[in-house]
Amino acid sequence: MTSADNTVVALNRNAILLVLALGTFILGLSEFSMMPMLPLISETFATTPSQSGYAISAYAIGVVVGAPILMLTTANMKKRYALMIFLILMFIANGLSAIATSLEQLIAFRFLSGLPHGAYFGAAILLAADIAPQNKRASYMSKVFMGLTIATIVGVPIVTLVGQNLSWRYCLAGASILALVAFICVYFFVPKIANNQPSNLLNEFSVLKNKLVWSILGIVIIGFGGVFCLYTYIADTILMVTKTPAYTISIAMIMFGVGCTIGNYVLGKAADRSALNTTGLALIGSIVFAFAYVNASYNINLLYAVIFFIGCSVGLATLIQSLLMDVSPNGHAMIGALVQCAFNTANAIGPWVGGIAIANGAMPNQTGYVAAALFVGGFIMWVISYLQMNKKQTPLTPSTV
């Protein structure tokens with residue numbers, strides 16, 4: 001950054017982070033609110049829940065397709081302009097989704113809605129890292145991610161009520177309007193900061209040759225699948241095993257969201273000192289609570305507590321991003337894209353393997369064993385990464401030692 005850039009950023013760091021978090025809040029709202037609204041969509045279009053579920057899959061596919069394409073094509077663009085492009089895409093795609101006249105149209109528009117998801121996350125987190133003071137990079141990135149975690153606590157319950165009492169269309173229209181508000185905020189509050197490291201395609205694709213990058217991504221692809229495995233079947237666990245009223249599902253979801261927010265903050269602070277060690281400890285904790293989930297499900301209060309701590313593990317997201325930026329000085333645009341692809345792959349793997357277990361006779365709470373196995377797999381990938389770092393004597397920045 002130039003000296004002028006530094007002056008602007010020093011005055012507006014909090015405002016910049018708040019604006020960036022608004023964007024991730026919109027993404028969380030747009031992605032997670034579709035799940036409780038599936039019955040409403042099925043009713044609107046006279047389709048089965050499984051057919052309506054394609055709208056969720058289409059969004060995830062859009063993320064995987066859009067993240068690398070948009071991140072690479074905007075790699076040398078000032079982050080301010082890239083973010084504005086992504087927000088306009090979010091405004092248009094969510095708006096179109098709100099007025100879809102058929103399920104096929106909704107699926108197509110949800111695919112379009114997913115395209116800027118990973119790119120916005122990647123650009124916002126990289127900008128947060130650029131403006132962070134020394135040794136504060138991980139916590140700054142966690143503040144951007146905080147928008148999504150708050151969406152799980154506040155946004156999703158609110159839009160669920162709106163959808164149930166008015167229409168699911170209002171929810172997507174609201175996300176569209178918020179994207180326009182965020183666009184205006186970026187225009188006024190995010191300065192024209194030059195990229196610290198000009199990029200080229202050769203540097204970006206060279207990241208793919210780094211074995212350490214792939215082992216760290218493996219922590220996400222395998223380990224983070226444990227989070228999604230449990231999250232997907234929380235409602236079934238409560239109804240079939242805990243056997244408490246349906247409203248307790250909403251409380252459990254709120255506990256998960258609170259855990260996400262607190263875990264994101266605490267792990268981000270810890271990662272400023274040691275992202276590597278914090279990641280390993282968080283994975284061990286996740287294994288313990290995944291096993292605890294099985295027996296805790298017979299008591300709703302114990303289940304709330306375990307779900308809270310499982311939610312805390314979502315804070316691993318910014319730790320992984322920080323680790324990848326440490327081990328690969330170049331190709332940060334590609335890294336941002338790969339991280340988003342990895343999380344969406346985990347989002348597919350977790351529910352899939354949990355569903356296989358249930359289809360073979362397991363009770364919903366026994367997905368805790370499946371999740372624990374996935375977390376163990378993530379921990380193994382962490383050990384491999386740790387050993388590779390020591391073997392290669394990878395220089396570690398203060399955020400990783």
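Student: Why is Phe-189 called partly exposed?

Tutor: The model is a predicted one, in which local features need pLDDT of at least 70, side-chain atom pairs count only at pLDDT 80 or more, and totals for chains, interfaces and linings use all residues. Residues are numbered from 1 along each chain as its sequence is written, and side-chain values use heavy atoms, with hydrogens and water left out. Buried means under 20% relative accessible area, exposed over 50%, and partly exposed in between (1.4 Å probe, protein chains only). Phe-189 has a relative accessible area of 40%, and is therefore partly exposed.

Student: Where does Phe-189 lie?

Tutor: Phe-189 belongs to helix H8 (residues 168-189); helices are DSSP runs of H or I with at least four residues, strands are runs of E with at least two, and both are numbered from the N terminus. The chain has 17 helices and 0 strands.

Student: How do you know that the length of helix H7 agrees with its number of residues?

Tutor: The expected span is 1.5 Å times one less than the number of residues. The 29 residues of H7 (residues 137-165) should therefore span 42 Å, and the end C-alpha atoms are 42 Å apart, which agrees. H7 nevertheless bends by about 50 degrees at Ala-151, the bend being the angle between axes fitted to the seven residues ending there and the seven starting there.

Student: How do you know that the span of helix H14 agrees as well?

Tutor: For the 13 residues of H14 (residues 300-312), 18 Å is expected, and the end C-alpha atoms are 18 Å apart, so the values agree. Buried residues of H14 include Ile-300, Leu-303, Tyr-304 and Phe-308. The buried residues of this helix pack against helix H11 (225-232), helix H12 (234-242) and helix H13 (247-296), where contact means heavy atoms within 4.5 Å.

Student: What makes the phi of Ala-46 notable?

Tutor: Most residues other than glycine have a negative phi. Ala-46 is not a glycine, yet has a positive phi of about 55 degrees. Ala-46 is in the loop between helix H2 (38-45) and helix H3 (49-52).

Student: Why does Ala-46 count as exposed?

Tutor: The relative accessibility of Ala-46 is 72%, so Ala-46 counts as exposed.

Student: Why does Lys-243 count as exposed?

Tutor: Lys-243 has 66% relative accessibility and therefore counts as exposed. Lys-243 has a positive phi of about 60 degrees although it is not a glycine, and is placed in the loop between H12 and H13.
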